[in-house]
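I'm opening a fresh page for this one. Below are my notes, in the order I looked things up.

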Amino acid sequence: MNIENQIDYFKRSNSDNCKFSILIPSWNNLSYLKLCLDSIAKNSAFKHQVIVHVNDGSDGTLDWVRSQPLLDYTHSAQNVGVCYALNAAAEISTTDYIVFMNDDMYACPGWDEALFKEIESIGHNYFFLSGTAIEPNTSINCAINGNYGTDVKSFDEKKLLHEVKGLAKNDWMGSTWPPNVVHKTIWELVGGYSIEYTPGMYSDPDFSMKLWKLGVRHFKGVSASRVYHFGSLSVNRVVKNEGYFEFIRKWGMTSSTFTKYYLSRGKDFTGPCTDPVFPAMLNLKNLFRRLQAAMKIVDAT
């Protein structure tokens, strides 16, 4: 079955003078999608082109998106996963900058202005920037721990807006996760998100590795660009791929080797990434993981 033939494209907005093309894959999460889009409309400093990829949409998402004339969208009758969704939405993007944002994120005031100021300060297109997520009970060193609700019904928007600027977090190394922004020429050079990771697990570090191979070294998490993230609603429903081993087969190392030793992800930002220095035992660990990944292929045949 050819997935590409099942995707429809609808470019309807006037995207003149837009800063970013914001790509939002959504799979039957209408209440979260509405909150996400409302936050972009209320809390953005600039005008943006917003493109939603509607996976399935049988919960009312498709009908609602169709009724919003300022939204551009793509649609697949089945859930094609985040990689196909992002690549489809990018096909109708019109600005110089592509942003990937999850549908279960709430964009805080000035999220876009902070990213654009950072872009202007860099002075070239070989960068990859992430905003900083605020998450309830997070263990991720790139995120801020702050509980303002675990779902739309319990979300305390007023409290978040009152406290968001006071939440401590430095700029950090190792941009991989959304919300993130990349120049469109760089997106096109690396071919967007790799469909072998469909429905999407491990596609984020893979995209960063493709940027690394291209020569990108400016991987920065911008603290002043903040979103509230409810947390992986679609990932918890989907049948997961074996992205862990796919990454090893493709790049010869684990994703944790890449994010820790190449990107220094989560450490305070000190400047562009430099070539990694590996502990002696790490090469043996990655050799073992490569053998495991190869055995997975043998078992499958």
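I began with strand S7 and strand S8 (residues 144-145): two bridges join them, and they run parallel. At this junction I found Glu135 opposite Asn145 of S8. I should jot down early that I'm reading a predicted model.

Next I asked what else S7 pairs with. Strand S10 (residues 180-183) is joined to S7 by two bridges, and here the strands run antiparallel. Leu129 stands opposite Val181 in S10. Strand S11 (residues 218-229) also runs parallel to S7, with seven bridges between them. I looked up Phe128 as an example, and its bridge partner in S11 is Phe219.

Is S7 mostly covered or uncovered? I checked residues 127-135, the whole strand, and nine of nine are buried.

Phe128 and Phe219 turned up again when I went through the rings: both belong to one aromatic cluster. Its other members include Phe100, Trp187, Tyr193, Phe207 and Trp212. Phe258, Tyr261 and Tyr262 are in the cluster too.

That sent me to helix H9 (residues 255-262), where Phe258 and Tyr262 are among the buried residues. Ser255, Thr257 and Thr259 of H9 are buried as well. Just after the helix comes Ser264, and I noted its positive phi, near 55°.

How many aromatic pairs are there? My count came to 28. I picked out Tyr228 and Phe230: their ring centres are 5.2 Å apart and their planes are at 90°, so I wrote the pair down as edge-to-face. The cut-off for that label is planes over 60 degrees apart. Both Tyr228 and Phe230 are buried.

Then I looked for charged side chains over rings. Arg217 lies over the face of Trp212, 3.6 Å from the ring centre, and Trp212 is one of the cluster residues from above. Lys19 does likewise over the face of Phe46, at 5.0 Å from the ring centre.

Last stop was the surface. Which residues make the nonpolar patch of about 420 Å²? I got Met281, Leu284, Leu287 and Leu291. Leu291 sits in helix H10 (residues 280-300). I wondered why Leu291 gets called exposed. Its relative accessible area is 52%, and exposed means over 50%, so the label fits. I also made myself a reminder about helices: an α-helix has 3.6 residues a turn, so residues three or four places apart point the same way.

Notes:
Residues are numbered from 1 along each chain as its sequence is written. This is a predicted model: local features need pLDDT of at least 70, side-chain atom pairs count only at pLDDT 80 or more; totals for chains, interfaces and linings use all residues. Side-chain values use heavy atoms; hydrogens and water are left out. Patches are made of residues with over 30% relative accessible area and no salt bridge: like charges are joined within 9 Å, nonpolar side chains (Val, Leu, Ile, Met, Phe, Trp, Tyr) within 5 Å. Accessible areas come from the Shrake-Rupley method with a 1.4 Å probe; for residues, only the protein chains shown count as cover. A salt bridge is a side-chain nitrogen of Lys or Arg within 4 Å of a carboxyl oxygen of Asp or Glu. Helices (H or I, at least four residues) and strands (E, at least two) are DSSP runs, numbered from the N terminus. Buried means under 20% relative accessible area, exposed over 50%, partly exposed in between (1.4 Å probe, protein chains only). Rings of Phe, Tyr and Trp (its six-membered ring) pair if their centres lie within 6.5 Å; planes under 30 degrees apart count as stacked, over 60 as edge-to-face and the rest as tilted. A charge sits over a ring if NZ of Lys or CZ of Arg is within 6 Å of the ring centre and within 35 degrees of the ring normal. Two strands pair if DSSP finds at least two bridges between them.
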